[in-house]
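Please open the model in your viewer, with selection by chain and residue number at hand, and follow the stops below in order.

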Amino acid sequence: MAYGPAPESAKEAEAFLTGHNKEFALFINGEWQKASSKKMMDSINPATKKKLAKISVASSKDVDQAVAAAKQALPGWKSLSGHQRARYLYAIARQIQKHSRLFSVLESLDNGKPIRETRDIDIPLVARHFYHHAGWAQLMDEEMADYESIGVIGQIIPWNFPLLMLSWKIAPALAMGNTVVLKPAEFTSLTALLFADICKQIGLPKGVVNIVTGAAETGEAIVNHPDIQKVAFTGSTEVGKIIRRATAGTGKKISLELGGKSPFIVFDDADLDSVVEGVVDAIWFNQGQVCCAGSRLLVEESVADKLYKKIRVRMEKLRIGNSLDKCIDIGAIVAPVQLKTIDQLVKKGVEEGSQMWQPSWACPTEGYFYPPTLFTDVSPSSTISQVEIFGPVLVAMTFRTHKEAVKLANNTVYGLAASIWTENINLALDIAPQIKAGTVWVNCTNVFDAASGFGGYRESGFGREGGKEGLYEYVKPRIINEFRKTPFVKTKKQKLAKTVHSPKGIDRTTKMYIGGKQSRPDGGYSYTVSDPVGNPIGEVSQGNRKDIRNAVEAAHATKNWSGRTGHSKAQVLYFMAENLYIRKLEFAQRIAQQTNQSLQEAEREVDMSIDRIYYYAGMADKFDGRVHHTTSRNVTLAMPESIGVIAVACPEEYPLLGFVSTVIPLLCMGNHVVVVPSERSPLSATDFYQVLDTSDVPGGAVNIVTGNKEDLLSVLAKHYDVDGVWYFGTQEGSKQVELLSADNMKRTWVNHGKHRDWMNPKHGQGQEFLRQASQIKNIWVPYGA
Amino acid sequence: MAKNTSKTKTHLHARNVGMPFDADVFNHLLVNRSAVERRASTLGKRRSVKKQWQAAWLLKAITCIDLTTLSGDDTKSNVQRLCAKAIAPVRSDVLLNLGMNPSDFHVGAVCVYHNKIKDAVGFIGDYPIPVAAVSTGFPAGQIPLKEKLKQIELSVKAGAKEIDIVVSRELVLQSKWKELYKEVKLCREACGDAHMKTILATGEIPTYTKVLKASWVSMMAGSDFIKTSTGKEPVNATLPVSLVMIRSIREFEELTGYKVGFKPAGGIRKAKQALNWLILIKEELGDDWLNPDLFRFGASSLLGDIERQLEHYVTGRYSASYRHPMS
């Protein structure tokens with residue numbers, strides 16, 4: 001009772017390749033165009049090592065042309081009605097469905113992944129993504145009324161899900177009225193080129209989609225092109241960081257979907273036989289070349305041996321072979337370079353003393369194959385449990401308690417996905433929010449849908465793809481068109497003459513505020529604060545890097561804020577507003593003193609600050625998530641979660657309102673904050689800690705460090721335990737923040753030297769702030785007794 | 001047609017003698033429905049059997065069929081036709097073309113009500129085809145235990161070599177596992193040398209977890225086979241429920257060393273479905289189970305579809321049902 005071969009025919013795919021004479025040009029401005037350099041590279045079938053076709057290598061000159069075409073197409077495309085764009089996206093979806101087998105076979109040939117996967121998973125998801133986003137195009141006017149398209153988008157996609165990643169990039173970009181220049185991965189460009197054919201067939205306006213093939217240099221040309229307004233990238237964390245640095249300070253928006261080392265957590269009450277199939281889907285899906293592969297198996301000690309045994313039995317039954325065989329589980333590794341990496345890491349694992357196990361059968365020798373591999377007795381310190389292997393290699397370790405499971409799960413720089421296996425819904429929903437990951441699958445794994453956002457925490461990148469949360473990556477708020485290069489403050493002739501202040505009453509010692517306590521600066525220095533005319537009005541602490549260190553530690557030490565309910569946070573915020581109101585006059589006087597505004601003007605700023613706190617108190621229990629309409633039987637909970645510890649550089653203007661407008665939305669979403677207030681006018685912020693003290697804000701939730709803004713921000717942006725930075729300052733400062741934040745992929749929100757009118761609620765508050773203060777975690781909970 | 005000389009089948013494995021009731025073995029087990037369904041729905045897509053391999057698999061499927069008639073209007077004549085079909089399930093020209101010996105190719109068993117055992121045994125004669133009887137108040141099982149045991153004894157006495165019993169759903173629904181164990185064990189004793197297939201009637205069990213537990217209890221009590229359904233419940237054999245049951249068979253073997261057979265019944269009408277079941281068995285239990293000693297289809301119309309597929313394989317033309325002798 002053997003299976004025998006069950007090959008899928010490659011005839012139609014061959015015909016497609018032959019139709020292009022097995023030599024592909026670039027798709028620019030709706031036409032096939034030869035690369036200026038005439039340079040070509042081979043596209044190989046990794047299951048046979050045979051050459052499939054030659055593809056062009058686009059130079060920067062070609063990229064210039066593609067960007068120019070996209071730029072030219074932009075006004076026409078974005079001025080189409082949502083409905084008209086929806087028709088195009090719908091047509092693409094239909095066309096992909098009509099040619100689904102051709103796409104499946106071509107993808108399988110080019111990438112080496114099993115035809116079962118391209119046929120049953122990749123290509124149906126591609127069609128679904130275009131259908132879903134046809135809907136968003138239609139609904140944009142209503143659902144995204146305050147937003148507009150960004151412009152020309154540069155998109156760089158990986159080789160593991162070639163067409164699926166293309167759809168994740170192109171569908172939302174087009175739906176929101178952008179035009180694109182997309183570079184497929186050098187190993188796997190063929191389905192993108194077939195997609196170009198489809199764009200032609202449906203009569204997509206020229207230049208809306210441009211496909212430029214090539215390697216790293218082509219990608220670099222896209223990233224650095226001045227007319228590219230946004231870069232969307234899926235790939236390695238290493239390249240993601242390069243892109244972050246390259247675009248720092250340019251004002252280009254970026255979204256990065258990077259690497260992972262996702263935990264697959266098995267509790268002792270899980271359905272172990274189902275867990276085994278979950279493991280197969282987690283790490284032997286697409287040869288383990290999946291950014292969100294469940295590559296770290298964490299098992300409750302009491303069931304570990306039993307599970308390992310079951311997994312080994314199952315591994316013996318996995319079938320590996322030619323990707324077009326309909327009877328295989330595992331296909332070929334995409335390229336020799338990847339095969340080598342996997343092999344080296346496995347050897348390293350063996351060297352480091354982990355127990356390696358592979359099935360008894362041998363891999364085919366004609367292509368690039370690697371057998372499924374299980375490592376047990378792995379410790380978190382071994383290389384293979386830290387490094388993303390991107391191959392069919394599972395590393396397993398055990399845990400004793402639920403707490404330890406969470407700790408092990410989060411013991412990684414990545415945070416893309418996690419899988420939790422237990423039959424106890426209480427346990428599952430207790431663990432899910434504790435895992436630092438953008439997607440958490442309960443009792444399932446590697447499940448995707450266009451309606452659910454996908455993306456990472458930490459060094460797995462930022463931004464979401466799919467769902468409404470994914471749309472924000474392809475739009476910008478209309479309001480930013482009103483921002484100015486100069487602050488929105490009335491520059492009036494200073495009436496006050498420079499006077500010499502003489503000590504009145506008791507000398508006030510303004511300290512910093514760290515961990516809920518007033519604290520002296522580590523360096524023991526203070527600096528003088530003056531009014532705009534130059535009259536000294538007080539002294540504040542000169543914070544240094546050690547104060548920042550202390551503040552960040554204090555921010556992490558408290559767990560008492562992030563875990564609160566919306567209602568509880570709202571109560572504290574209302575109380576804060578109440579206490580500020582009581583001291584309204586005092587705060588107004590302080591503002592007037594620092595800014596030389598009239599007392600009346602200053603009172604307006606205090607009133608607006610109270611108003612703003614109320615706004616976020618109101619939002620605290622209302623800015624909530626969604627339950628996505630995904631396609632399988634489950635609830636997909638899209639929950640906004642706090643990001644963690646966020647550094648804030650407040651605007652220089654509006655000493656109180658600038659502080660309140662930036663700090664309060666972060667608190668509202670449950671973040672802990674290290675604030676560097678206005679350097680010029682820090683006294684309202686330092687006065688504010690007395691309001692914090694009296695408003696039941698737990699110590700450590702807000703930490704205030706005064707001093708040189710740029711120096712302090714540089715320490716914060718480099719700090720590995722800071723998860724995000726908000727910066728309202730200069731263009732140069734913005735660039736620095738983006739640049740220095742790349743190392744641990746902090747979420748940054750900077751103003752590029754542009755100013756908001758903080759007194760205008762449309763500028764100074766809103767859901768944009770809350771979105772920047774949170775990240776969406778999608779929790780998939782299948783059900784059925 | 002030459003008659004086979006041997007009437008007793010040689011079993012490749014030791015018969016399950018059961019084990020003492022031990023709820024600790026299964027009480028903690030929980031089944032995740034969604035994950036089971038996912039596995040079941042992808043199994044047939046992960047494996048594909050084509051050409052000569054497919055023909056071989058379909059022939060194997062035929063040898064695993066319990067060719068069944070369980071109707072109020074069964075009479076001697078249709079039982080006779082059924083038995084003739086059991087003896088010669090596929091047109092001999094098709095079989096010869098496939099290199100099979102028509103005189104030595106039969107279905108797994110014929111399955112009838114008690115009243116038709118004698119007829120069936122008579123028609124089957126010396127062919128190595130056991131006659132199976134449904135018993136214990138089939139399909140609902142709503143008769144006293146005493147009556148159930150008596151039915152079994154009578155059927156065995158009438159010549160049934162296999163007895164398909166139904167479990168008391170009430171005991172399953174109320175999780176009275178110990179009582180269920182006792183009842184099944186008594187049935188097994190009443191069967192004597194006849195092999196016992198225990199029907200769980202999974203269409204009437206609300207959760208997969210209960211299906212799993214009922215499977216465990218049935219095997220502990222000494223069932224030779226566990227069987228999904230009577231064919232009379234609104235939902236019959238499904239791949240997911242079968243997956244749950246065969247996983248328990250696998251674990252039971254690990255625990256006791258005994259191989260228990262599996263029989264999905266009801267709703268299996270197409271050759272393609274049969275292949276999916278065989279794939280399920282091969283993948284989850286292994287090749288040992290791919291023979292009539294440990295695997296049966298409870299089906300009445302499946303054979304007809306397989307015959308058509310086999311003729312298609314042989315001739316390259318799509319077949320018609322009237323070209324194959326009816327049962």
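Bear in mind throughout that this is a predicted model. Begin with chain A and select domain 2 and domain 3, whose C-alpha centres lie 41 Å apart. For the selection, domain 2 covers 262-455, domain 3 is made of 552-622 + 642-773, and the remaining domain of this chain, domain 1, is likewise written in two segments, 24-258 + 469-477.

**Sheet in chain A**

Stay in chain A and select strands E1, E5 and E4, which form an open sheet of 3 strands in the order E1-E5-E4, with mixed pairing. Strand E1 (23-24) and strand E4 (40-45) stand at the edges, and because each has a single partner strand, one side of each is left without a neighbour in the sheet. If you colour E1(A) together with strand E5 (residues 50-56) of chain A, you will see two strands that run parallel and are joined by 2 bridges. Within this pairing, Glu23(A) stands opposite Lys54(A) in E5(A).

**Domain 3 side: E27, E28 and two positive phi values**

Next, select E27 and E28 of chain A, a parallel pair joined by 5 bridges. Ala649(A) has Val676(A) as its bridge partner in E28(A). Is strand E28 (residues 672-676) mostly covered or mostly open? It is mostly covered, since 5 of its 5 residues are buried. Turning the strand shows that both faces of E28(A) are covered: His672(A), Val674(A) and Val676(A) are buried on one side, while Val673(A) and Val675(A) are buried on the other.

From strand E27 (645-649), move along to the loop that leads to helix H21 (657-668) of chain A and select Tyr654(A), which lies in that loop. Its phi is near 50 degrees, a positive value in a residue other than glycine. Most residues other than glycine have a negative phi. Tyr654(A) counts as buried because it has 28 C-beta neighbours inside 10 Å, where the cut-off is 20 or more.

A second residue to compare is Met745(A), placed in the loop between helix H24 (731-740) and strand E31 (747-750) of chain A. Met745(A) is not a glycine either, yet its phi is positive, at about 55 degrees. Because it has 25 C-beta neighbours inside 10 Å, Met745(A) also counts as buried.

**Sheet in chain B**

Now switch to chain B and show its strands, where an open sheet of 8 strands follows the order E7-E6-E5-E4-E3-E2-E1-E8, with parallel pairing. Strand E7 (261-263) and strand E8 (297-299) of chain B are the edge strands, each pairing on one side only, and the twist averages 25 degrees from one strand to the next. Inside the sheet, select strand E2 (residues 109-112) and strand E3 (residues 131-134) of chain B, which pair in the parallel sense over 3 bridges. Here Val110(B) has Val131(B) as its bridge partner in E3(B).

Follow the chain out of E3 into the loop before helix H6 (145-157) of chain B, where Pro139(B) is found. The peptide bond from Phe138(B) to Pro139(B) is cis, with omega near 0 degrees. Most peptide bonds are trans.

**Nonpolar cores**

Return to Val110(B) and display its surroundings: leaving aside residues up to four places away in sequence, it touches several residues, among them Leu67(B), Leu82(B), Ala120(B), Ile124(B) and Val131(B). Together with Leu89(A) and Ile265(A), Val110(B) belongs to the residues with the most contacts inside the largest nonpolar core, which has 276 residues. Helix H6 (residues 162-175) of chain A gives the most to this core, with 10 residues, and at least three residues come from each of domain 1 and domain 2 of chain A. A second, separate core of 77 residues includes Ile548(A), Ala577(A), Leu666(A) and Val750(A).

**Contact between the chains**

For the last stop, show both chains together and select their contact, which takes 26 residues from chain B and 25 residues from chain A. On the chain B side, helix H1 (33-46), helix H2 (51-63) and helix H11 (271-284) each supply at least two residues. The largest share on this side, 8 residues, comes from H1(B). Coloured by class, the side of chain B that touches chain A has 9 nonpolar, 4 polar and 13 charged residues.

Terms used: Residues are numbered from 1 along each chain as its sequence is written. Chains are lettered from A and ligands numbered from 1 in the order in which they are written. This is a predicted model: local features need pLDDT of at least 70, side-chain atom pairs count only at pLDDT 80 or more; totals for chains, interfaces and linings use all residues. Domain bounds come from an automatic or database domain assignment. Two residues are in contact if their C-beta atoms, placed from the backbone, lie within 7 Å. Helices (H or I, at least four residues) and strands (E, at least two) are DSSP runs, numbered from the N terminus. Ala, Val, Leu, Ile, Met, Phe, Trp, Tyr, Cys and Pro count as nonpolar, Asp, Glu, Lys and Arg as charged, and the others, Gly among them, as polar. Two strands pair if DSSP finds at least two bridges between them. Axes are lines fitted to C-alpha atoms, for helices over the stretch in contact, and angles run from 0 to 180 degrees between N-to-C directions. A residue is buried if 20 or more other C-beta atoms lie within 10 Å of its own, exposed if 12 or fewer, and partly exposed in between; C-beta atoms are placed from the backbone. A nonpolar core is a set of buried Ala, Val, Leu, Ile, Met, Phe, Trp, Tyr and Cys residues joined through C-beta atoms within 7 Å.
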